[in-house]
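Reader: Hi! I'm new to looking at structures, could you walk me through this one?
Author: Happy to, let's put it on the screen.

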There are 2 protein chains.
Amino acid sequence: MPRRSYDQYCGLARALDVLGERWTLLVVRNLLLGPQRYSELLRGLPGITTNLLAKRLKEMEAEGLVERAADESYRLTPLGASLEPAIHALGRWGWRRMGKPTRRDRRNLDWLMVALRRRYRGGATLTATVEADGSPYHMVLRGDRAEIGRGAAPASDIRVTGTPDAIARLFLDTLPDVGTPPVVSVDGDESLLGTLVQAFSRGDDEPEERRHVRAG
Amino acid sequence: MPRRSYDQYCGLARALDVLGERWTLLVVRNLLLGPQRYSELLRGLPGITTNLLAKRLKEMEAEGLVERAADESYRLTPLGASLEPAIHALGRWGWRRMGKPTRRDRRNLDWLMVALRRRYRGGATLTATVEADGSPYHMVLRGDRAEIGRGAAPASDIRVTGTPDAIARLFLDTLPDVGTPPVVSVDGDESLLGTLVQAFSRGDDEPEERRHVRAG
DNA sequence: CAGGATCCGCCGCGATACTG
DNA sequence: CAGTATCGCGGCGGATCCTG
């Protein structure tokens, strides 16, 4: 039973044959931060339904994008992980035309962390653990490489804890109440907080209008 | 009547809200080489139906991706053209896992030319006109910039003519009958043909080795 | 003939209920 | 927890039909 295809000898069309169905790239996005179980994926992809997630995971497994780990969780194969540049290119385009979140928009630190993988400017060296609502992330910066994923870092130079909103506002200036500083608590070397935030300051995914104003 | 949205405050999800519908990115791909009229787009996107193309073009115009030129043709806006990096990232991923064309695959020099925009390795300086079946393309290489689009170059250093298959085989080694050299006719400085082809030699979109696709 | 619009049938998708 | 089963709707594909 062949899947629907564009039947075009073109790299883009071939990629879309595999990735173009609804939710597929968002599943890859969520798995970029580490393996997840079915129920975790279901929670991390608000709006998807259980039948569709099951169908997508089967298709993606058949295409070699994901595989089952020993503990039954789903993880990206090297082929699936090699989609990260494409996800970042699309994400950069999307972020550039994104304003404040609407009331309908769901927010999630996973998606912010994926964006931060892309936005890392390099030049920092530190190991951080960032945690909100009991869900920690590790952020290991070493020169021009940033390794970001779920789970605390084994040995952090700095540990930042706060509400998801506060953590998000630490790195994004497109969120409401930007005037007031986000309230987070910091353990470890507090002087590294500035380094951490600066390392992900907004660059080429600035919104269009500001770019043009500043470009003058 | 709002379009279907993932309602996620995430750059990728926002991008897919706009680009995720079927055919949208392929329309952008075809317009990267220059403006086209409705009937030209219809011919250049085999498989799309007239109603769907009309619908997509309206949506894309509403989203600011395309606009109508003075001669009624459709062309990319700066926002639409800014999708080129994302299209190249997806295209590179698709080309890497693409083998020989199947019997169902349609082939088209437009799609090859878009791939060549991405594959340009830099370091060449020449102006070429490549033509097949009466449809010319200009390829203007200046150092690290390659400008490729529909229409002949006003003053070409070299002019290459042949069947679409011969032109394609000039740049691709994944096509059948690779053993025999493609038959093209060259006008102008024939010594530039090697430079032209080498400038687009396959690099990081090489196909994956078989180890990833191990059939049981 | 270019540039669409209209109609119809199917299937991908979304929502809910159910099962091992 | 990890999926299946069922059902209704809307997006999509195919063909046809207008309109300058």
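Author: We can talk about the DNA strands and then about how the protein chains meet, and keep in mind that this is a predicted model.

Reader: Nice. Which residues come nearest to DNA strand D?
Author: Arg37(A), Arg22(B), Asn51(B), Leu52(B) and Arg56(B) come nearest, out of 20 residues around DNA strand D. Of the atoms of that strand that come within 4 Å of the protein, sugar and phosphate account for 62%.

Reader: Cool, and what does the side chain of Asn51(B) lie next to on DNA strand D?
Author: A base oxygen: a polar side-chain atom of Asn51(B) lies 2.5 Å from it. Chain A has side chains at the phosphates of DNA strand D. Lys58(A) has a polar side-chain atom 2.8 Å from a phosphate oxygen, and for Tyr74(A) the distance to a phosphate oxygen is 3.0 Å.

Reader: Which elements give two or more residues to the surface near DNA strand D?
Author: They are α3 (38-44) and α4 (50-62) of chain A, along with α4 (50-62) of chain B. The largest share comes from α4(B), with five residues.

Reader: And by class, how many of the residues there are nonpolar, polar or charged?
Author: The surface near DNA strand D has eight charged residues, seven polar and five nonpolar.

Reader: OK, switching to DNA strand C. Which residues are closest there?
Author: Arg22(A), Asn51(A), Leu52(A), Arg56(A) and Arg37(B) are the closest, and 19 residues surround the strand. Sugar or phosphate makes up 57% of the atoms of DNA strand C within 4 Å of the protein, and the rest belong to bases.

Reader: What does Asn51(A) have within reach on DNA strand C?
Author: A base nitrogen, which is 2.3 Å from an N or O atom in the side chain of Asn51(A). For chain B, the side chain of Tyr74(B) has an N or O atom 2.9 Å from a phosphate oxygen of DNA strand C. Arg68(B) has a polar side-chain atom 3.3 Å from a phosphate oxygen of that strand.

Reader: Which elements supply at least two residues each near DNA strand C?
Author: That would be α4 of chain A, plus α3 (38-44) and α4 of chain B. By class, the residues near DNA strand C divide into seven charged, seven polar and five nonpolar.

Reader: New topic! How many residues do chain A and chain B put into their contact?
Author: Chain A gives 53 residues and chain B gives 53 residues. Together the chains bury about 4800 Å², with 63% of it on carbon and sulfur atoms. On chain B, Tyr6(B), Tyr9(B) and Trp93(B) supply 20% of the area buried against chain A, more than any other three residues.

Reader: Why talk about area at all?
Author: Because the size of an interface is often given as the accessible area lost when the parts come together.

Reader: Got it. How many salt bridges are there across the interface of chain B and chain A?
Author: Six are found. One of the salt bridges joins Asp7(B) to Arg104(A), with the closest N and O atoms 2.7 Å apart. There are also 22 residue pairs in polar contact across the interface.

Reader: And what gives the most to the side of chain B that touches chain A?
Author: α6(B) does, with 10 residues. By class, that side of chain B has 29 nonpolar, 11 polar and 13 charged residues.

Key
Residues numbered from 1 in each chain as written. Chains lettered and ligands numbered in written order. Predicted model: local features only at pLDDT ≥ 70, side-chain atom pairs only at ≥ 80, totals over all residues. Heavy atoms only, no water. Near = heavy atom within 4 Å. Polar contact = N/O pair within 3.5 Å; in protein donor to acceptor, adjacent residues only side chain to side chain. Helix = DSSP H or I, 4+ residues; strand = E, 2+ residues; numbered from the N terminus. Nonpolar A, V, L, I, M, F, W, Y, C, P; charged D, E, K, R; others polar. Contact = heavy atoms within 4.5 Å. Buried area = accessible area lost by both parts, 1.4 Å probe. Salt bridge = Lys/Arg side-chain N within 4 Å of Asp/Glu carboxyl O.
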